Amino acid sequence: MSAPVGRFAPTPSGRMHLGNVFAALIAWLSVRSRDGHMVLRMEDLDTQRTSDAYADILRDDLLWLGLDWDQEMAPQSRRSQVYEQYFQHLADLQLLYPCYCTRSQLHSVNAPHLSDGTYVYPGTCRDLTPDQRASFGRAPAWRVRVPDRQWIVDDHIQGIYRENLASDCGDFVVRRADGVFVYQLAVTVDDGEAGVTEVVRGTDLLSSAPRQMYLQELFGFPHPEYAHVPLLLAADGRRLSKRDKDLDLGALRQRMTAQTLIGHLGFTAGLLETPVPISARELAGEFSWEKLKKEDIYLNATQLLG
Ligand SMILES: [Zn+2]
């Protein structure tokens with residue numbers, strides 16, 4: 001079997017928090033434990049929230065942790081001409097149609113998506129006539145038609161996840177009304193063009209995998225392997241986020257060495273018996289999917305910060 005290709009795909013909208021670090025660490029360990037290739041790309045489609053300054057800090061934080069990469073792709077904000085070609089391919093396949101629904105319309109008529117709280121699109125705009133389309137007098141979003149077919153994600157951590165896009169998701173948006181391509185399309189294109197063979201990321205993105213598998217098939221990319229890493233939760237069960245300032249890397253770098261932090265995360269993940277300081281490189285020797293904890297992890301912040 002050839003060496004794996006993995007990726008970091010951070011959003012440069014602030015300092016990494018511990019949950020981001022955890023997912024990045026597992027992604028890196030999986031690749032480096034098998035002498036694979038690591039790709040970095042900045043997911044900055046939302047140019048209002050992201051900045052090059054944060055991207056610089058992210059690179060510096062990853063290197064401080066000892067999580068290096070072999071290649072960096074152009075950031076998503078600068079790849080819209082590439083995405084345009086794939087969008088055109090979907091149009092050539094006659095799979096796209098314009099959607100004029102407003103956010104409030106989408107929320108009022110639809111049942112929530114099975115797993116991530118977004119809404120199942122009922123196909124309202126699927127068969128509008130040219131006259132009906134013209135009558136809206138504004139730019140539409142673009143949706144891709146989905147088949148009535150079950151997708152199966154065989155996840156290294158979460159096991160089998162099934163989703164029928166037709167009943168659980170509906171036709172989904174690939175380009176917003178303001179012209180910006182959406183995450184699902186950009187991620188599929190970026191992973192496919194970089195030859196990514198394994199996608200390791202937070203479990204909050206598990207329900208994105210079937211949409212991406214569908215697009216991979218349409219674009220002619222092979223499916224990567226998937227591993228959706230447990231979320232790190234605060235003691236009260238809340239998901240860690242950028243608001244937890246004492247647990248972002250800016251604060252943690254003031255308090256401890258990278259080895260201390262990596263050792264704690266390795267222990268938390270189930271890779272180490274005790275939270276001993278260790279480098280990421282050394283921890284790669286301890287890595288296996290079998291050892292890794294499967295359920296969401298409650299973080300013992302007192303132990304970490306104490
Ligand atoms: Zn619509």
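Which residues are buried in helix 7? In this predicted model, the buried residues of helix 7 are Gln-184, Leu-185, Ala-186, Val-187, Thr-188, Val-189, Asp-190 and Asp-191. Helix 7 spans residues 183-193 and is mostly covered, with eight of its eleven residues buried. The cover over these buried residues includes strand 1, helix 3, strand 8, strand 9 and helix 8, and helix 7 is followed by Gly-195, a residue whose phi is positive, near 70°.

The surroundings of this helix belong to a chain with twelve helices and twelve strands. For 306 residues, a compact globule would have a radius of gyration near 19 Å, and the value of 20 Å found for the chain therefore agrees with that expectation. The C-alpha trace spans about 65 × 40 × 35 Å along its principal axes. Of the 306 residues, 52% count as buried, while the chain as a whole exposes about 14300 Å², of which carbon and sulfur atoms supply 50%. Among contacts between residues at least 6 apart in sequence, 76% join residues that are at least 24 apart.

Two of the elements that follow helix 7 take part in a right-handed β-α-β unit, which is made by strand 9, helix 8 (residues 209-219) and strand 10. Strand 9 (residues 198-202) pairs with strand 10 in the parallel sense, over five bridges, and within this pairing Glu-225 of strand 10 is the bridge partner of Glu-198. Strand 10 covers residues 225-229, and because four of its five residues are buried, this strand is largely enclosed by the rest of the structure. Strand 9 and helix 8, which make up the remainder of the unit, are also among the elements that cover the buried residues of helix 7.

Side chains of opposite charge can pair when their charged atoms come close. In the present model the count of salt bridges comes to 23. One of them is formed by the side chains of Asp-61 and Arg-15, with an N to O distance of 2.8 Å. This pair links distant parts of the chain, since Asp-61 belongs to helix 2 (residues 52-65) and Arg-15 to the loop between strand 1 (5-8) and helix 1 (18-32), 46 residues apart. The two partners differ in their exposure: Asp-61, at 0% relative accessibility, counts as buried, whereas Arg-15, at 25%, counts as partly exposed.

A salt bridge also joins Arg-175 and Glu-84, whose closest N and O atoms are 3.2 Å apart. Because Arg-175 lies in strand 8 (residues 172-175) and Glu-84 in helix 3 (residues 80-92), the pair ties together parts that are 91 residues apart in sequence. With a relative accessibility of 16%, Arg-175 counts as buried, while Glu-84 is partly exposed, having a relative accessible area of 33%. Both strand 8 and helix 3 are included in the cover of the buried residues of helix 7.

In a further pair, the side chains of Asp-171 and Arg-126 meet in a salt bridge at 2.7 Å, N to O. Asp-171 is placed in the loop between helix 6 (165-168) and strand 8, and Arg-126 in the loop between helix 4 (103-109) and helix 5 (130-136), so this pair ties together parts that are 45 residues apart in sequence. Asp-171 counts as buried at 4% relative accessibility, whereas Arg-126 is partly exposed, with a relative accessible area of 28%. Salt bridges that share partners, moreover, join Arg-7, Arg-41, Glu-43, Arg-79, Asp-190, Asp-191 and Glu-193 into one network; of these residues, Asp-190 and Asp-191 are among the buried residues of helix 7.

Positive phi values also occur in residues other than glycine. Asp-35, which is not a glycine, has a positive phi of about 55° and is found in the loop between helix 1 and strand 2 (37-40). With a relative accessible area of 69%, Asp-35 is exposed, the threshold for that class being over 50%. Gln-94 likewise has a positive phi, near 60°, and lies in the loop between helix 3 and strand 4 (96-99). The relative accessible area of Gln-94 is 65%, and this residue is therefore exposed.

Conventions. Residues numbered from 1 in each chain as written. Predicted model: local features only at pLDDT ≥ 70, side-chain atom pairs only at ≥ 80, totals over all residues. Heavy atoms only, no water. Buried < 20%, exposed > 50% of the residue type's maximum accessible area, 1.4 Å probe, protein only. Pairing = 2+ DSSP bridges. Right-handed = clockwise from strand over helix to strand, strands pointing away. Rg over C-alpha atoms; globule rule 2.2 N^0.38 Å. Contact = heavy atoms within 4.5 Å. Areas by Shrake-Rupley, 256 points an atom, 1.4 Å probe, with all protein chains shown as cover. Salt bridge = Lys/Arg side-chain N within 4 Å of Asp/Glu carboxyl O.
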